[in-house]
Amino acid sequence: MTTTTNRPTYGYRDLPHLLSRMTGDEKHDPASQSTLDVVWVLYHDVLALTPDRVDDPDRDRFYLSKGHGPMAYYATLAAHGFFPAEWLDDAMAFDSPLGAHPDRTLIPGCEISAGSLGHGLPLAVGTALGLRARGSDAHVYVLVGDAELDEGSNDEAIAFAGAVGLDNLTVVAVDNSSSTHNRPHRLARRFDVEDFSTIEIDGHDHDAIRSALTHRDHRPAFIAALVERKP
């Protein structure tokens, strides 16, 4: 098992500074900012995961399927001691472990290499099924974008997870109204018909995020985290 080292940790108020240390992927700033509060609450208040548990088979898993614009993810990992904050200064550079898309082979605590949209949710479903099969209490959280759910690969994953009742799976969609067929409440209805417990929340309200992430209903869960419309 990986052992932790004594690294400084940072609070939520330090995130703007940590984010400012990264340059090179400015076009994805909106994608990063929209996920910031959900990712922070997950790591700070919800996940059974710390730097010394990254190899623990019974750790909670977080899959960032929305892998474009990962700056909020990198800042949160650094703030919680998964890697030194100094890594942020070279993010997106040629030889940096922090690329424009996360690479699980280079980043401590990163579960999947992401960026090719539509992969994270099916992977999370498979992991949740495997964990349940061996009797683990670990929970799997996957963060997707609303437009990413336009990828057809998600439909089979959603239908399967609902059909087999994967109650150790929580799907969070950060909804910035960027999907091709965007309509109010469309995402929640899509998951509800497949027997997920569903809820819509303010994607910046930490109390609402925390409550939704920790709610258990003996079914897979879907959270639509509503944020400002993508410019």
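**Strand S3, its neighbours, and a few other sites**

In S5, valine 172 has isoleucine 223 as its bridge partner, and I would like to start from that pair and work outwards. I should say at once that what we are looking at is a predicted model.

The pair belongs to a parallel arrangement, in which S3 and strand S5, residues 221-226, are joined by six bridges. Strand S2, which covers residues 140-145, also pairs with S3 in the parallel sense, again over six bridges, and there valine 140 stands opposite leucine 169 of S3. To get from S2 to S3 the chain passes through helix H5, residues 153-164, and the β-α-β crossover formed in this way is right-handed.

How much of S3 itself is buried? The strand runs over residues 169-175, and seven of its seven residues are buried, so that we can call it mostly covered, taking buried to mean under 20% relative accessible area. The cover extends to both faces, since Leu169, Val171, Ala173 and Asp175 on one side are buried, as are Thr170, Val172 and Val174 on the other. Val172, the residue I began with, is therefore counted among the buried ones, under that 20% limit.

Let me turn now to the cavities. Searching the whole structure gives three cavities of 30 Å³ or more, and the largest cavity holds about 40 Å³ of space. Its lining consists of 10 residues, of which Thr35, Leu64, Lys66, Gly69 and Pro70 are the closest to its centre. Two or more lining residues come from each of helix H2, residues 29-46, and helix H3, residues 71-79, with H2 giving the most, namely three residues. Sorted by class, the lining of this largest cavity has six nonpolar, three polar and one charged residues.

Finally, I want to point out two backbone positions, both in loops. Methionine 92 lies in the loop between H3 and helix H4, residues 120-133, and its phi is near 75°, a positive value in a residue other than glycine. Histidine 218, for its part, is found in the loop between helix H7, residues 206-214, and S5, and although it is not a glycine, its phi is positive at about 60°.

Is histidine 218 buried or exposed? Its relative accessible area is 70%, and because exposed means over 50%, this histidine is exposed. It precedes S5 in the loop that leads from H7, and S5 brings us back to the strand that pairs with S3 through six bridges.

Definitions and conventions. Residues are numbered from 1 along each chain as its sequence is written. This is a predicted model: local features need pLDDT of at least 70, side-chain atom pairs count only at pLDDT 80 or more; totals for chains, interfaces and linings use all residues. Side-chain values use heavy atoms; hydrogens and water are left out. Buried means under 20% relative accessible area, exposed over 50%, partly exposed in between (1.4 Å probe, protein chains only). Helices (H or I, at least four residues) and strands (E, at least two) are DSSP runs, numbered from the N terminus. Two strands pair if DSSP finds at least two bridges between them. A crossover is right-handed if, with the strands pointing away from the viewer, the path from the first strand over the helix to the second runs clockwise. On a 1 Å grid over the protein atoms alone, a cavity is a set of points where a 1.4 Å probe fits but cannot get out, and a pocket is an open set with protein on both sides within 12 Å along at least five of seven lines; lining residues have an atom within 4 Å of a point. Grid points are joined across faces, edges and corners, and a volume is the space filled by probe spheres set on the points. Ala, Val, Leu, Ile, Met, Phe, Trp, Tyr, Cys and Pro count as nonpolar, Asp, Glu, Lys and Arg as charged, and the others, Gly among them, as polar.
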